[in-house]
Amino acid sequence: MVPATEQNLLELRAIEVIWGPQRLLRNISLQVSPQEIIGIIGPNGAGKTTLMSVISGQVSPTSGKVFYQGQDITAWPPHRRCRAGIARTFQIPRPFADMTAWENVAIGIRFGRRRQSAGFLRDQALPYLELVGLTHKADTLGKDLTLSEQRRLEVARALATEPQLVLLDEVAAGLSPKMVRHVAALVEKLRQQGLTLLIIDHFLNLTLEVADRLVVLDRGEKIMEGPPQEIIRHPEVVGAYLGTRRPAKGPPTAGDSPASAERP
Amino acid sequence: MEPDTVRKVFSWLAALLLIVGPLLFPEAEVYLLVFGLACFYAALAMAWNILALSGLLSLGHGAFFGLGAYAAVLLQQKLLMPVYPAVVAGGMVGALYGLLWGLVFKKLRGAYFALATLASLEIPRVIVDNWESLTSGSMGIVGIGRLPALDLGILTLPVGAGLRSQYYFLFGWMAFVTVLHRQALRSRWGWALRAIRENEVAAEVLGVNIYGCRLAALGLSAFLTGVCGGLYAHLMGLIEPAMVFSLQLAAFPLILSFFGGRFAVFGPLIGALLLYPLDQLVLQPLLPQGHAAVYGLVIILTIFFFPQGLATWFRPQSKTS
């Protein structure tokens, strides 16, 4: 077997996920270099979130391997991956409902990569809330935040674990163009701080601008990979989105996204 | 006066009364007995709650209790172990059974976990009931001596000498369990348990070792419950399978914890110290037949009117942390 290359922060090798009669992922391989920003796109049910869960450890692949910093982490449980520097957010937010926003973030500070034992956690949590514009909600309970605030809390909490690789699941979905620009600026800033990001972006309103590479999934397979501008012009991609199963609300053609201007 | 000050004064007075009271009224035997047992049930309730804080409600803690009781007594009778080491060993037997739960029930949550624990209460009961050569079966074991003097190095506590010293011993046991219960809420491990019970998946991606933290809670909870079982055998002087492996004993800590408040350090303790004396000293003389119904009534009223438990009334209204 070929040893994992040190230059890659993350490497997936021939990942297969079979769930009952369904093959959720087929033979997915992917290499991610440090400080890269990668967008994962594809129609509903393409396996984007499953792929993310394979990296963060919620889903064990039926076959294939996951390497992180040259180590085989396929068998590692999620908390160990977190402590090694992999953080993720969830598309449907999972706040700690009866904790305040700052306490939500404090869990990441305490148990993430820094494993901080004690101290003034509220003061340390505030900068992360500020990154996502939630400082004024620091003392609001998780369950009392709006959906959009809960999404932002997901990001603050993930960053509080001091990760090297951040997996963002649909952070920009449903945001106004102005908010998308905020998120894009944050993503750029994180990259400059040395982070690597994998972003699921079904509606292509975030990654078209910031991603170095897009990975297109369709029915569990990686059908294409390359620079955003090339990818979105490719007939196969257009087919995957617009082809046989066009959803009612419409794929990345919505006029409210900055991406729409770029589309052919 | 500020409500917060009232709360503090009230709490300190109650604590003072519990500590000094027996010295002032050495003859109040009924009170010494009842409040001693209230301390015992407070410890039992907190032991149960340590697991509940990880988000799993157990209906089978009677298994640890019964195993602890039988192990402590049989180790003394068959292997001639001294009383206190045998009681601690009984706790360890309970903890071993708890770790077995941890392995077998790893994937179970919510009602499924509760039902599985209820079922696993029956297994040791049936074994003890039928292994007559060792346990004398459903006849039970009678004539178990009172707790002997406890030698703590600097002082020797004559635990079994009278109701007053027994009270102080049980009060001390409660205080010890309270410290551990506080850890399960306030320490770093306590934060982990809180994250786990609020959202397991979120907790694990934020670096919380959910299985490890939960196993620690289960092991400690089972150990303390087992020790309680061993003490119980000596407090009662006899044990039989139906008495120690009982659903009633398993549900009692649940009632006290819900009533007092499951997420407050002193919640289960307040529940036990109020409810058990209320039942024994007030209701039993009035209603000798049906006094135990109060527990059913209390749990219904608690769920309807203050689901967070009584302790929320004793707490300042600011945020919990």
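**A six-stranded sheet and a chain contact**

Biologist: In what order do the six strands of the open sheet in chain A run?
Modeller: This is a predicted model. The six strands form an open sheet in chain A, with mixed pairing. Their order is β6-β7-β8-β3-β9-β10.

Biologist: Which strands of chain A stand at the edges?
Modeller: An edge strand has a single partner strand, so one side of it is left without a neighbour in the sheet. Two strands of chain A fit that description: β6 (86–88) and β10 (221–226).

Biologist: By how much are neighbouring strands of this sheet turned against each other on average?
Modeller: Direction is ignored here. The average turn between neighbouring strands is 15°.

Biologist: Do β9 and β10 of chain A pair in the parallel or antiparallel sense, and which residue stands opposite Val215(A)?
Modeller: Strand β9 of chain A covers residues 213–218. With β10(A) it forms five bridges, in the antiparallel sense. Opposite Val215(A), in β10(A), stands Glu225(A).

Biologist: Which strands does helix α6 of chain A lie across?
Modeller: Helix α6 spans residues 177–192 of chain A. Its direction is at about 150° to β8(A). The strands it lies across are β3 (37–41), β7 (165–169) and β8 (196–200) of chain A.

Biologist: Which element gives the largest share of the side of chain B that touches chain A?
Modeller: The contact takes 24 residues from chain A and 16 residues from chain B. On chain B, α8 (188–198) and α9 (200–205) each supply at least two residues. The largest share, five residues, comes from α8(B).

Biologist: How many residues on that side of chain B are nonpolar?
Modeller: Four are polar and four are charged. The nonpolar residues number eight.

How values were computed
Residues are numbered from 1 along each chain as its sequence is written. Chains are lettered from A and ligands numbered from 1 in the order in which they are written. This is a predicted model: local features need pLDDT of at least 70, side-chain atom pairs count only at pLDDT 80 or more; totals for chains, interfaces and linings use all residues. Two residues are in contact if their C-beta atoms, placed from the backbone, lie within 7 Å. Helices (H or I, at least four residues) and strands (E, at least two) are DSSP runs, numbered from the N terminus. Ala, Val, Leu, Ile, Met, Phe, Trp, Tyr, Cys and Pro count as nonpolar, Asp, Glu, Lys and Arg as charged, and the others, Gly among them, as polar. Two strands pair if DSSP finds at least two bridges between them. Axes are lines fitted to C-alpha atoms, for helices over the stretch in contact, and angles run from 0 to 180 degrees between N-to-C directions.
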